[in-house]
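New to this one? Here is a relaxed walk through a few of its features, with the structure alongside.

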Amino acid sequence: SNGYEALDRLQEREFSLVLSDIDMPRMDGVKLLQALQAGHPDIEVVMITGVVDVEVALQAIRMGASDYLTKPFNLEEVRFTIQKALEKRRLILENREYQRNLEEKVAERTAQVVLKHREIESLFDKLHSSYETTLKALAAALDTRDTETQGHSVRVSEYTLVIARRMGVKEPELTDIRRGALLHDVGKIGISDAVLRKPGKLTAEEWVEMKLHPEIGHRILSEIVFLENSLPIVLSHQERYDGSGYPRGLRGEEIPLGARIFAVVDTLDAMTSDRPYRRALTYEDAREEILRNRGVQFDPRVVELFLTIPPGEWDAIHHRVSSSLRAGGNP
């Protein structure tokens, strides 16, 4: 008989559909509709009105009612309207359930993807670590065979990073440059011991063989996909800024940046490390040599930046690498 009575009934049990007259005492149908939308949004509402109240009924539909019936009405019309309203409700509830299940499945699938992604990241990290360990072991073996000094390749790779970072190089280029510097002399595997370990000066013929090592190194590493962007340094690390280097006689910025940086720090490490035939020279000796060959062997821009780095920073890297190698670890 009124909206309050309907709300009381709704406290007792659930309903799928409410048919409500608009004109009722105490709480009319419009206010009941508002109350139902606020407290029972899943109930469909069909308004019942006299012909004179059609405009009010249309307003109720705009407010959320499913439909309206005008008095007098026949049962077929009532049955059709109710079936349509209940079908609408069924579709809404099924769609909501579908969405909820879909969201749960998406959440479950997302969790699986995240977990798999973490597993892949872990495997990638392990693979990356394995690559790095292998590369450093290879570099250490090359150092022993060639220079008889530990840590040369690791040191120059670390030195190269110091300058590359200051020149604004970002990842992944930094890693590519570091690996290229680390493996710069891998081609010396193909050079005979008679030439590579000769204590005196090389003959012209022996120099021809020695100068093949950048191309040999490039060829050895060319089939390794993850080293693809490091190959230019391996191939070009003996080029000189004035074009007098080998194997291609590149000049100036034709030489890859990583190779131009490497040339400076390679000279630094060669001069400031102990060798079988002499003790290490001072940083000042290396600095003067690098300055003297600015624009000849070395890129002036790289040299200028090198000069801004305090000697203590190079000493710290040298000490860290040497200490790590003595302890049998990875620098």
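What follows goes from strands to a pocket, then to single residues and the backbone. Keep in mind that this is a predicted model.

**Strands S1 and S2**

Let's start close to the beginning of the chain. Strand S1 covers residues 17-21 and strand S2 covers residues 44-50, and the two pair in the parallel sense, with 5 bridges between them. If you want a spot to look at along that pairing, find serine 20: methionine 47 in S2 stands opposite it. Helix H2, residues 29-39, belongs to this picture too. Together with S1 and S2, helix H2 makes a β-α-β unit, and that unit is right-handed.

On the way from S1 to H2 there is a loop, and arginine 26 is found in it. Arginine 26 has a phi near 65 degrees, which is a positive value in a residue other than glycine. Is arginine 26 buried or exposed? Arginine 26 counts as exposed because its relative accessibility is 66%, and the cut-off for exposed is over 50%.

**Leucine 19 and a pocket**

Back in strand S1, have a look at leucine 19, which has its place there. Its relative accessibility is 38%, so leucine 19 counts as partly exposed. Which residues does leucine 19 touch, once those up to four places away in sequence are set aside? They are Val46, Ile48, Leu69 and Ile82. Valine 78 makes another reference point: leucine 19 and valine 78 are 59 residues apart in sequence, while their C-alpha atoms are 10.0 Å apart in space.

Leucine 19 also turns up at the second largest pocket. This pocket has a volume of about 230 Å³. Its lining is made of 13 residues, and those nearest its centre are Glu5, Ala6, Arg9, Val18 and Leu19. Helix H1 (3-12) supplies at least two residues of the lining, and S1 likewise supplies at least two. Sorted by class, the lining has 8 nonpolar residues, 3 polar ones and 2 charged ones.

**Two buried residues in helices**

Now for a couple of residues further along. Arginine 178 sits in helix H6, residues 173-182. Arginine 178 counts as buried because its relative accessibility is 12%, and buried means under 20%. What is arginine 178 in contact with, leaving aside neighbours within four places in sequence? The contacts are Glu132, Ser157, Glu158 and Leu161.

Serine 322 has its place in helix H14, residues 311-327. With a relative accessible area of 16%, serine 322 is buried as well. Serine 322 and threonine 133 are 189 residues apart in sequence and 16 Å apart in space, going from C-alpha to C-alpha.

**Cis peptide bonds**

Finally, here are two cis peptide bonds to look up in the backbone, each with a proline.

| Residues joined by a cis bond | Omega | Place of the proline |
|---|---|---|
| Lysine 71 and proline 72 | about -5 degrees | Proline 72: loop between strand S3 (67-71) and helix H4 (75-146) |
| Tyrosine 246 and proline 247 | about 10 degrees | Proline 247: loop between helix H10 (231-236) and helix H11 (257-272) |

Where would you look for proline 72? Go to the loop that lies between strand S3 and helix H4. For proline 247, go to the loop between helix H10 and helix H11.

Note on methods
Residues are numbered from 1 along each chain as its sequence is written. This is a predicted model: local features need pLDDT of at least 70, side-chain atom pairs count only at pLDDT 80 or more; totals for chains, interfaces and linings use all residues. Side-chain values use heavy atoms; hydrogens and water are left out. Two strands pair if DSSP finds at least two bridges between them. Helices (H or I, at least four residues) and strands (E, at least two) are DSSP runs, numbered from the N terminus. A crossover is right-handed if, with the strands pointing away from the viewer, the path from the first strand over the helix to the second runs clockwise. On a 1 Å grid over the protein atoms alone, a cavity is a set of points where a 1.4 Å probe fits but cannot get out, and a pocket is an open set with protein on both sides within 12 Å along at least five of seven lines; lining residues have an atom within 4 Å of a point. Grid points are joined across faces, edges and corners, and a volume is the space filled by probe spheres set on the points. Ala, Val, Leu, Ile, Met, Phe, Trp, Tyr, Cys and Pro count as nonpolar, Asp, Glu, Lys and Arg as charged, and the others, Gly among them, as polar. Buried means under 20% relative accessible area, exposed over 50%, partly exposed in between (1.4 Å probe, protein chains only). Contact means heavy atoms within 4.5 Å.
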